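Let's take a walk through this structure together, one region at a time. Keep the sequence and the 3D view open as you read.

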Amino acid sequence: MTRALSMRWTNLAFLHWRVDPERVQRLLPAGLQLDLFGGEAWVGVVPFRMSRVRPLMALAVPTASDFPELNVRTYVRHGDRSGVWFFSLDAGSRLAVIGARTAVGLPYFHARMIEREVGGDVAYESKRIHWGAASAEFQARYRPTGEVRLADAGSLDHWLTERYSLFAMRRGVLLRLDIEHEHWPLQPATADVTVNSMAQASGIDLPAEAPRVLFAERLDVVARLPRRVNTAKPANEPPLPHASLR
């Protein structure tokens, strides 16, 4: 498939909670099956900064090339392909929100957002201001606490992060978008979350327990053009390569 967009993700935190599988499955569209790890379902809240966003073979759009982004996600399967389903993606760029909603059908929402580094921490604030959307807020400080490592194949951290497809619904049609990047340079991390209604805005109640936290300082990513997928089980496909983007 044709490469469509390049970008860089920085100061990213994976915050994950165990959730009720039956509740989450009911929120998924037809054709997608909730992916489980050891029989458990997980929902992630992922704050980061999107930068160097540029359509390939075109110039970057200044107001849509560098902005904070915050997503709420779970993990799904379509046939033999595992991937990510986004319940919401809040972004600090109105133009990026309009573009992603129109082109792909991803549930982007405009938000007032601040992401900054403070004494080794990442201080992150988001308040959704999208007209007609459910209220959603997030405030946290997070930081890495150890050295960079690659997650071991078969581990929970590998399962949560090493995913190279995402799914979206546009005008009743299920789409798959594939991405390319090197393995995640993960660090153990901690987070102090003071406000978080992001998952609740999508109908998901997170448990009171502290999240599982991972940090990644930077990752360069290329996204391919979306493709329509059938709701029936597709033929087997080879795995996507880990592309070097340097």
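Strands here are DSSP runs of at least two residues, numbered from the N terminus. With that naming in hand, we can place Asp-90 in strand E5. Before we look around this residue, please keep in mind that the model is predicted.

First, the overall picture. The protein chain holds 3 helices and 13 strands. Of its 246 residues, 49% are buried. Take the contacts between residues at least 6 apart in sequence: 69% of them join residues at least 24 apart.

Now back to Asp-90. Is this residue buried or exposed? Asp-90 counts as buried because its relative accessibility is 0%, and the cut-off for buried is under 20%. Its side chain has a partner there: a polar contact of 2.8 Å links the side chains of Asp-90 and Arg-128. Arg-128 is also one of the residues that Asp-90 touches beyond four places in sequence, and the others include Pro-68, Glu-69, Leu-70, Phe-109 and Met-198.

A second acidic residue is worth a visit. Glu-115 sits in strand E6, which covers residues 108-118. Glu-115 counts as buried because its relative accessibility is 12%. Which side chains make polar contacts with the side chain of Glu-115? One is that of Asn-11, at 3.0 Å, and another is that of Arg-49, at 2.6 Å. Setting aside residues up to four places away in sequence, Glu-115 touches Asn-11 and Arg-49 along with Pro-68, Val-122, Ala-123 and Tyr-124. Pro-68 links our two stops, as it is also among the residues touched by Asp-90.

Let's follow the contact to Asn-11. This residue lies in strand E1, and Asn-11 is buried, with a relative accessible area of 9%. Its backbone deserves a look too: Asn-11 has a positive phi of about 50 degrees, although it is not a glycine. Another non-glycine residue with a positive phi is Arg-171, where the value is near 55 degrees. Arg-171 is found in the loop between E9 and E10. Is Arg-171 buried or exposed? Arg-171 is exposed, with a relative accessible area of 74%.

Next comes helix H2, which spans residues 94-103 and has Ala-96, Val-97 and Ala-100 as its buried residues. Viewed down the axis of H2, these buried residues fall within an arc of 100 degrees, so they line one face of the helix. On the other side of H2, Arg-94 and Thr-102 are exposed. What covers the buried residues of H2? The cover includes strand E4 (67-78), strand E5 (81-91) and E6, and you have already met E5 as the home of Asp-90 and E6 as that of Glu-115. Just after H2, Gly-105 takes a positive phi of about 85 degrees.

From the helix we can move to the largest pocket, which has a volume of about 920 Å³. Its lining is made by 40 residues, and those nearest its centre are Leu-5, Met-7, Met-50, Leu-106 and Tyr-108. Several elements give two or more residues to this lining, among them strand E1 (3-19), strand E3 (41-55), E4, E5, H2 and strand E12 (212-224). The largest share, 6 residues, comes from E1, the strand in which we found Asn-11. What classes of residue make up the lining of the largest pocket? There are 31 nonpolar, 5 polar and 4 charged residues.

Our last stop is Ala-189, in strand E11 (residues 187-196). Ala-189 is buried, with a relative accessible area of 17%. Although Ala-189 and Ala-13 are 176 residues apart along the chain, their C-alpha atoms are separated by 8.1 Å. Leaving aside neighbours within four places in sequence, Ala-189 is in contact with Arg-143, Pro-144, Thr-145, Val-213, Leu-214 and Phe-215.

Terms used
Residues are numbered from 1 along each chain as its sequence is written. This is a predicted model: local features need pLDDT of at least 70, side-chain atom pairs count only at pLDDT 80 or more; totals for chains, interfaces and linings use all residues. Side-chain values use heavy atoms; hydrogens and water are left out. Helices (H or I, at least four residues) and strands (E, at least two) are DSSP runs, numbered from the N terminus. Buried means under 20% relative accessible area, exposed over 50%, partly exposed in between (1.4 Å probe, protein chains only). A polar contact is a pair of N or O atoms within 3.5 Å; within protein, one must be able to donate a hydrogen and the other to accept it, and residues adjacent in sequence count only if both atoms are side-chain atoms. Contact means heavy atoms within 4.5 Å. The arc is that of the directions from the helix axis to the C-beta atoms. On a 1 Å grid over the protein atoms alone, a cavity is a set of points where a 1.4 Å probe fits but cannot get out, and a pocket is an open set with protein on both sides within 12 Å along at least five of seven lines; lining residues have an atom within 4 Å of a point. Grid points are joined across faces, edges and corners, and a volume is the space filled by probe spheres set on the points. Ala, Val, Leu, Ile, Met, Phe, Trp, Tyr, Cys and Pro count as nonpolar, Asp, Glu, Lys and Arg as charged, and the others, Gly among them, as polar.
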